[in-house]
Structure formats: C-alpha cells, structure tokens
Amino acid sequence: MKDAGKLREFLSRQVAIDTVGNGSGFKPARLLDFDGDPPDALEPNMAVALDRALALVSSVCVSAVTSRRPLPDNSLLLAATWSFGRCPIELQDEILKAAQAHLDAREHVFLENRSASTVILHGLGRIIKEEKRLERSIDLLLRHQPSKGNVPAALASLLSRPIATPEVLTEERVAKATEFVVALLAELRQN
C-alpha cells in the first residue's frame, strides 16, 4: 500500500466549502464528517472506491496482526483513522485492542512503530461511532490516569464527536468522566 500516505493526507485535509452558496461564505471542512459520511453531492462510485481502498488498508493491517509482523510505518493506520467512522469494523476492533494493550503496558503489532501509541489513541477517538464499541472505548479510557499520554484527547473526541455518545452516557459514566476531568485539572495545576 504505497499510496497510504496520500490517502491519509487526502482524508485528513480541510477544504474550503461554500456554506452560503454564492461564493461569499467559505468555511474549512473535512471531506468526511465525524461519522465517516461524505458530502451528499459526492458521486456514489467515489464512496464505493473509498470503501474498497479502506477495505484493502484494513486487510493489510489485520494481516499484520495475524502474522505478528509489524507494519512498515503508521501510514495505513493514519489513513484508516482519518476516515473517521468509515474505518472498517474489523480494523476498529483491532485498534481498540491495540489501545487496550498500550494502556495496560502490553505488546501489540500496531504499537511497534515510533509514535504508534499516539496514532492508536487519537485514531480510536476518531473512528468509533457504534454504541457497543463506544461504551468499551470510553470505559477503557476512564480506567486510566489522565496523565497517561493522549488519553484525554481520545476521550474528548469520543465524548464530543459520535452521534451515539449521548445514548451511552449513563450516570456512572458521567460521574467517572467528571472525576477524570477533575483529576486532569489537578495534574495540570501541579505542573
């Protein structure tokens, strides 16, 4: 997948969108929304092509885990995670496993490359949109100290982006999230 870097760059970039419709009101926007949906005006064959490319990215990444051979770099994971909720489910599950391995100080094939833990945690915050995975991801992050690198960023993304977030915010999760934020602010005050 030599073009993974180009795919990541394409998906992560912001483009100017005319929000008014007459050329006078441009606003920066991503090519996919937080749930991975493209603009309504996108030709259906383009979305199909994107899904094929993402399926190939997912296949290569999951094969790396199965064979226990690290990916050459983080490009494939970055491409997949910048597709937001469009990231294939099988890869979402593996990224969630990698995040758990990182936070529990265990090994995972996705964690072999430089800065991989950042890619995994930030990516986790971008790709999860389905309720059960969202519950697992939020619960995983809330079990760890706010000072654990990139956990606050991933948690902030999961609490603010997915449409399903309000559905999974039980009183217990809200209380734990509040405790997490209080602990984070205390840590920041000490530093």
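These legends walk through several close-up views of a predicted model.

**Before the close-ups.** Residues are numbered from 1 along each chain as its sequence is written, and side-chain values use heavy atoms, with hydrogens and water left out. Because this is a predicted model, local features need pLDDT of at least 70 and side-chain atom pairs count only at pLDDT 80 or more, while totals for chains, interfaces and linings use all residues.

**View 1. The whole protein, with its nine helices and two strands.** Helices (H or I, at least four residues) and strands (E, at least two) are DSSP runs, numbered from the N terminus. Going along the sequence, you get α-β-β-α-α-α-α-α-α-α-α. Of the 191 residues, 42% count as buried; here buried means under 20% relative accessible area, exposed means over 50%, and partly exposed is in between (1.4 Å probe, protein chains only). The accessible surface adds up to about 10,800 Å², and carbon and sulfur atoms account for 52% of that (Shrake-Rupley method with a 1.4 Å probe; for residues, only the protein chains shown count as cover). As for contacts (heavy atoms within 4.5 Å), take those between residues at least 6 apart in sequence: 65% of them join residues at least 24 apart.

**View 2. Helix 7 crossing helix 9.** Helix 7 covers residues 151–160 and helix 9 covers residues 171–190; their axes come within 12 Å and cross at roughly 145°. Axes here are lines fitted to C-alpha atoms, for helices over the stretch in contact, with angles running from 0 to 180 degrees between N-to-C directions. The crossing is left-handed, a label used if the near helix is turned anticlockwise from the far one by less than a right angle (clockwise would be right-handed). On the helix 7 side, look for Val151, Pro152, Leu155 and Leu159, which meet Ala177, Phe180 and Leu184 of helix 9. Sorted by class, that contact has seven nonpolar residues, no polar ones and no charged ones. For that sorting, Ala, Val, Leu, Ile, Met, Phe, Trp, Tyr, Cys and Pro count as nonpolar, Asp, Glu, Lys and Arg as charged, and the others, Gly among them, as polar.

**View 3. Proline 152 in helix 7.** With a relative accessible area of 22%, proline 152 is partly exposed. Leaving aside neighbours within four places in sequence, proline 152 is in contact with Pro146, Phe180 and Leu184. Glycine 125 sits 27 residues from proline 152 in sequence, and the two are 9.8 Å apart in space, C-alpha to C-alpha.

**View 4. Leucine 141 in helix 6.** Leucine 141 has 0% relative accessibility, so it counts as buried. Its contacts, neighbours within four places in sequence aside, are Leu103, Leu121, Leu124, Val151, Ala154, Leu155, Leu158 and Phe180. Proline 152 is 11 residues along the chain from leucine 141, with 8.1 Å between their C-alpha atoms.

**View 5. Glutamate 179 in helix 9.** This glutamate 179 is exposed, at a relative accessible area of 55%. Its C-alpha atom is 10.0 Å from that of proline 146, a residue 33 places away along the chain.

**View 6. Arginine 86 in the loop between helix 3 (75–81) and helix 4 (89–103).** The side chains of arginine 86 and aspartate 51 are joined by a polar contact of 2.6 Å. A polar contact is a pair of N or O atoms within 3.5 Å; within protein, one must be able to donate a hydrogen and the other to accept it, and residues adjacent in sequence count only if both atoms are side-chain atoms. Not counting residues up to four places away in sequence, arginine 86 touches Leu32, Asp35, Gly36, Asp37, Pro38, Ala47, Leu50, Asp51 and Leu54.

**View 7. Glutamate 94 in helix 4.** Glutamate 94 is at 11% relative accessibility and so counts as buried. Neighbours within four places in sequence aside, glutamate 94 is in contact with Val65, His108 and Phe110.

**View 8. Two loop residues with positive phi, serine 115 and asparagine 150.** Most residues other than glycine have a negative phi. Serine 115, in the loop between helix 4 and helix 5 (116–127), has phi near 65° and is partly exposed at 46% relative accessible area. Asparagine 150, in the loop between helix 6 (131–142) and helix 7, has phi near 70° and counts as partly exposed at 25% relative accessibility.
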